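Colleague: Please take a close look at one part of this model for me: how its nonpolar side chains pack. I'd like to hear how the surroundings relate to that too.

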Amino acid sequence: MKLCEGLFLLLMLWTSEGARVAESGDDNGVFDLFEMVQARKKEHGVTLVKGADPYSPAYKILNPDLIPAVPEERFRDLIDAIHAEKGFLLLVNFKQFKRTRGSLLTVEKLDGSGPIFEIISNGKANTLDLVYATADKQQVVSIEDANLATGHWRNITLFVQED
């Protein structure tokens with residue numbers, strides 16, 4: 001699934017203090033996904049832009065197919081942290097064109113045969129969709145009246161807990 005052009009992401013780290021904690025490695029539970037894949041250049045499908053928070057980087061997605069995968073060791077650290085905490089908290093600050101649809105986060109199978117977990121901002125249906133695969137089928141949880149694809153900066157704090 002491709003991100004819609006014009007979908008801007010700003011992940012994690014809301015304050016400069018939060019940025020210092022994450023950079024220093026003092027908090028093993030904070031992961032900046034763009035930092036993990038070292039996506040800082042146009043050849044990685046992104047470019048830095050001015051975001052809503054001057055203390056955190058913001059990226060314009062130019063081509064989501066060029067964004068590299070998280071290195072296996074770092075991905076394992078992330079999964080281990082999620083298992084230890086029995087869930088995760090995702091902070092996203094983004095700007096999305098009106099009435100467009102885009103994936104905010106996708107975890108794909110190693111063989112590339114499809115997503116295991118995906119968070120989609122669906123401006124056409126005005127929903128935030130959580131899609132996850134189980135052993136035998138795909139499950140979808142939709143949050144209606146999300147009002148995310150407005151062309152303005154929006155904040156999402158999403159808590160996903162094991163159950």
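Modeller: I'll start with the overall layout, go into the core, and then work outwards.

A quick caveat: this is a predicted model, so local features need pLDDT of at least 70 and side-chain atom pairs count only at pLDDT 80 or more, while totals for chains, interfaces and linings use all residues. Residues are numbered from 1 along each chain as its sequence is written, and side-chain values use heavy atoms, with hydrogens and water left out.

The chain has three helices and nine strands (DSSP runs numbered from the N terminus, with helices being H or I of at least four residues and strands E of at least two). Read from the N terminus, the order is β-α-α-β-β-α-β-β-β-β-β-β. Of the 163 residues, 37% are buried (under 20% relative accessible area; over 50% is exposed and in between is partly exposed, with a 1.4 Å probe and protein chains only). Take the contacts (heavy atoms within 4.5 Å) with a separation of 6 or more: 54% of them join residues 24 or more positions apart.

Now the part you asked about. The largest nonpolar core counts 17 residues, and Leu 90, Ile 119 and Ile 156 have the most contacts inside it. By core I mean a set of buried Ala, Val, Leu, Ile, Met, Phe, Trp, Tyr and Cys residues joined through side-chain atoms within 4.5 Å. Two or more residues come from each of α2 (33-36), β4, β5 (101-108), β6, β7 (127-133) and β9 (153-161). Strand β4 gives the largest share, four residues. Apart from this core lies another one of six residues, including Val 37, Val 46, Tyr 59 and Ile 61. As background, nonpolar side chains tend to be buried together in soluble globular proteins.

Let's zoom in on Ile 156. If you skip its neighbours within four places in sequence, Ile 156 is in contact with Leu 90, Leu 91, Val 92, Phe 94, Leu 104, Leu 128 and Leu 148. Of those partners, Leu 128 is worth following: Leu 128 belongs to strand β7 and is buried, because its relative accessibility is 6%. Leu 128 and Ile 156 sit 28 residues apart in sequence, with 9.9 Å from C-alpha to C-alpha. Leu 128 has a mixed set of partners beyond four places in sequence: Leu 104, Ile 119, Ile 120, Ser 121, Val 141, Ser 142, Ile 143, Ala 146, Leu 148 and Ile 156.

From there, have a look at the loop between β8 (138-144) and β9, where you'll find Asp 145. Asn 147 has its place in the loop between β8 and β9 as well. Phi of Asp 145 is near 55°, positive although the residue isn't glycine, and for Asn 147 phi is near 50°, again positive in a non-glycine residue. Asp 145 counts as exposed because its relative accessible area is 61%, whereas Asn 147, at 42%, is partly exposed.

Next, the rings. There are two aromatic pairs in the structure. Phe 88 and Phe 117 make an edge-to-face one, 5.9 Å centre to centre with 85° between the planes (ring centres of Phe, Tyr and Trp, the last by its six-membered ring, within 6.5 Å; planes under 30 degrees apart are stacked, over 60 edge-to-face, the rest tilted). This pair links distant parts of the chain, with Phe 88 in strand β4 (residues 87-95) and Phe 117 in strand β6 (residues 115-122), 29 residues apart. Phe 117 is buried, at a relative accessible area of 15%.

For contrast, two polar spots. The one salt bridge in the structure runs from Arg 76 to Asp 80, whose closest N and O atoms are 3.6 Å apart (the cut-off is a side-chain nitrogen of Lys or Arg within 4 Å of a carboxyl oxygen of Asp or Glu). The two lie about one helical turn apart, because they are four residues apart in helix α3 (residues 72-85). Arg 76 is partly exposed at 45%, and so is Asp 80 at 38%. Asp 53, by comparison, is in the loop between β2 (46-49) and β3 (58-61), yet Asp 53 is buried at 10% relative accessibility. A polar atom of the Asp 53 side chain lies 2.9 Å from the backbone nitrogen of Tyr 55.

Note on methods:
Polar contact = N/O pair within 3.5 Å; in protein donor to acceptor, adjacent residues only side chain to side chain.
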